[in-house]
Amino acid sequence: MLSDLAVLNSSRYRTDVFLATMGSRDVSSLAYTLERLGTRKLFGRNDEVYGDGEKVDYFFKVISGAVRAYEIAFDGRRLVSAFYLPGDIFGFDMSKRHLFSTEAIVETEVLLVKRHTIMSAAEQDIDLAKD
């Protein structure tokens, strides 16, 4: 129960809820910007995309494959908090460090965009800034 409360209060959960409530136009505008500014990278099965506690330097979009977000419980169990499939955007943690780890479930292609690149683009594009 305490773990459930921690997940509900986490930036990962708040970020997912925020993205789920955005309009489709907003998401497609953001997705287009990510495609234009990003770099594609392949991850093998079980390869880490980012780890718990790492700086939030990139935003990510799944091109193909699947990614899981998880944390390791004190007793060693892996607690999965989210799955990301093609088209999903993730890594928008509100804090400066990731609260969860992510890894590819199968061979996965991910688009990476530096956080400061998106922020710079948002400074120049009011519609993107609203997204």
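**View 1. Negative surface patch of Glu48, Asp52, Glu54 and Asp57 in the predicted model.** Patch members have over 30% relative accessible area and no salt bridge (a side-chain nitrogen of Lys or Arg within 4 Å of a carboxyl oxygen of Asp or Glu), and like charges are joined within 9 Å. Asp and Glu count as negative, with the charge placed at CG of Asp or CD of Glu. Asp57 lies in the loop between β2 (48-50) and β3 (58-64). Because its relative accessibility is 35%, Asp57 is classed as partly exposed, the class between buried (under 20%) and exposed (over 50%) with a 1.4 Å probe and protein chains only.

**View 2. Surroundings of His98.** His98 sits in the loop between β6 (89-90) and β7 (101-104). It is buried because its relative accessible area is 2%. Beyond neighbours within four places in sequence, His98 contacts (heavy atoms within 4.5 Å) Tyr50, Gly51, Asp52, Gly53, Glu54, Lys55, Val56, Gly91 and Asp93. Two of the patch residues, Asp52 and Glu54, are thus also among the contacts of His98.

**View 3. Secondary structure of the protein.** Five helices (H or I, at least four residues) and eight strands (E, at least two) are present as DSSP runs. From the N terminus the order is α-α-α-β-β-β-β-β-β-β-β-α-α. Of the 131 residues, 37% are buried.

**Notes.** Residues are numbered from 1 along each chain as its sequence is written. The model is predicted, with local features needing pLDDT of at least 70, side-chain atom pairs counting only at pLDDT 80 or more, and totals for chains, interfaces and linings using all residues, while side-chain values use heavy atoms and leave out hydrogens and water.

Terms used:
Patches are made of residues with over 30% relative accessible area and no salt bridge: like charges are joined within 9 Å, nonpolar side chains (Val, Leu, Ile, Met, Phe, Trp, Tyr) within 5 Å. Accessible areas come from the Shrake-Rupley method with a 1.4 Å probe; for residues, only the protein chains shown count as cover.
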